Amino acid sequence: MRNYRYFIMGMIVFMVVVNYVDRGAIAYAQKDIIAAFGFDAASWGAVLGYFGYGYMVGALFGGALADRKGPKFVWILAGLAWSVFEIATAYAGEIGLALFGGSALAGFAVFRILFGLAEGPTFSTINRTMANWAAPKERGFAVALGLLGTPLGALLTAPVAVALLSITNWKMMFVILGVIGIIWVIIWAKVFTNLPEDHPKVSKEELAEIRSKADLLENEKTVGAADPNVKWYHFFRNPTLVFNTIGYFSFQYVNFLLLTWTPKYLQDVFNFQLSALWYLGMIPWVGACFTVLLGGKISDALRRKTGNLRIARSGLAVVSLFLTAICFLLIPVVDSIVAVMALMAIGNAFNFLPNSVYWSVIIDTEPDRAGTFGGVTHFFTNIATIVAPTLTGFLVANYGYTSMFTAAVVAVVVGMLAMLFVKPGHNPSNTKTAN
């Protein structure tokens, strides 16, 4: 293949789709699971939030492991583990009743945390993979392509989950999804290597393009020998990486809020049945599938035209988050389902426009620690995977669904303000990371 790296990126897209369907399918089984184990709104919010506890830890250690052992090792280990725990989720309630003091909630807590732990390394390992396989001039788009699986997986979660629930039961749905993940791991082990230099299908011409320094900006770096003096905790000495993490948190809050609570919101507020959720659950993600790629292209184009990474990365994020906040601010004041779904879709499309930015900033700033610093970033970002569903359960139970969208607006505004302080690239203000 002339551009084998694009095949690798395509395989990553498929993997992220599987990853997201696996984590989001439980939201569509909520009616059956709640009926089986008697969970209330707050308990169900906790079930959805348990995933995040494991996810945070997996992200932190997965990125560092990808830098040390290579991304291939992490892909295989994590893929097998999350697939096994996805299958085990089918029996979590019964195991909790039998082994954890008669508590089905405790059973779901254990297996959702383990499942999150296994899925945690995904995006920091993608970042390490893209740092190894993508040319500097295409980093924004390459990262965006890897992240395409996020909205695409979220979009496909609704029809896949509803289809499986229609032809079988919720337990078998988890089993089928887990088996699909295992099949992906087997194929990936045969087609991927840690570096393009090690792959027989990567030509000398393609390798030269990947490693070319011809288009580097003054403050950009390529992958090389990692500086042993740069440790994981140097992340906290770099204001750009810290503020970038806060910006990414706001993205993840909106992302996980929609992924976990949209089905129940539509059923409770607009009285939709499961048969209608297969298409309604897709609507908030349609635009995001396009803007996640468009954002990577726009970011790379701004980099090329302005020669300024701050405009290309931070500026794009600030504008996009502002527009996201406006859309979610308007949702509680409209009454029709058409207006609500339109604002959700548009707001989420703007939210995903700078998705690649948060990861590109890490590669721009410290490419040789893209996995480690990506893992630290993802660890703190994924506090949102706990806060969004758990806080929403509390807010909905006490203040109704309007408060769900108000909280989202607050999170997005905080992220927008943080991105004003992000200065990507190897800047003098960031050299403290090497001290």
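This is a short tour of a predicted model, stop by stop.

**Colour by confidence**

Start with the whole protein chain, coloured by pLDDT. The average is 88, and 94% of the residues score at least 70. Now select residues 402-419. This is helix 20, with the highest mean pLDDT among the elements, 96. Then select residues 274-280. Here is helix 13, where the mean pLDDT is the lowest, 76.

**Split the chain into two domains**

Select 1-213 and give it one colour; this is domain 1. Select 233-425 and give it another; this is domain 2. Their centres, taken over C-alpha atoms, lie 19 Å apart.

**Show the interface**

Display the residues of each domain that touch the other. You should have 50 residues from domain 1 and 52 from domain 2. Between them the domains bury about 4,500 Å². Carbon and sulfur atoms carry 71% of that area. Next, pick out M56, R139 and L155 in domain 1. These residues lose the most area to domain 2, together 13% of what the domain 1 side buries.

What polar links cross between the domains? The salt-bridge count between domain 1 and domain 2 is 0. Polar contacts do occur: 5 residue pairs, with both residues at pLDDT 80 or more.

**Walk the domain 1 face**

Stay on the side of domain 1 that touches domain 2. Several helices supply at least two residues each, among them helix 1 (4-28), helix 2 (30-37) and helix 7 (122-133). Helix 8 (139-147) and helix 9 (149-167) also belong to this group. Select helix 3 (41-69) as well. Helix 3 gives the largest share of this face, 16 residues. Colour the face by residue class: 32 residues are nonpolar, 11 polar and 7 charged.

**Zoom to a salt bridge**

The model holds 10 salt bridges. Select R5 and E138 to see one of them. Their side chains meet at 2.7 Å, N to O. R5 sits in helix 1, and E138 lies in the loop between helix 7 and helix 8. The pair links distant parts of the chain, 133 residues apart. Side chains of opposite charge can pair when their charged atoms come close.

**Finish at I337**

Select I337, in helix 16 (residues 337-352). Which residues does I337 contact, leaving aside its neighbours within four places in sequence? Show L266, F270 and F272: these are the contacts. Last, draw a distance from I337 to L280. Their C-alpha atoms are separated by 10.0 Å, and the two residues are 57 apart along the chain.

Note on methods:
Residues numbered from 1 in each chain as written. Heavy atoms only, no water. Domains from an automatic or database assignment. Contact = heavy atoms within 4.5 Å. Buried area = accessible area lost by both parts, 1.4 Å probe. Salt bridge = Lys/Arg side-chain N within 4 Å of Asp/Glu carboxyl O. Polar contact = N/O pair within 3.5 Å; in protein donor to acceptor, adjacent residues only side chain to side chain. Helix = DSSP H or I, 4+ residues; strand = E, 2+ residues; numbered from the N terminus. Nonpolar A, V, L, I, M, F, W, Y, C, P; charged D, E, K, R; others polar. pLDDT = per-residue confidence, 0-100.
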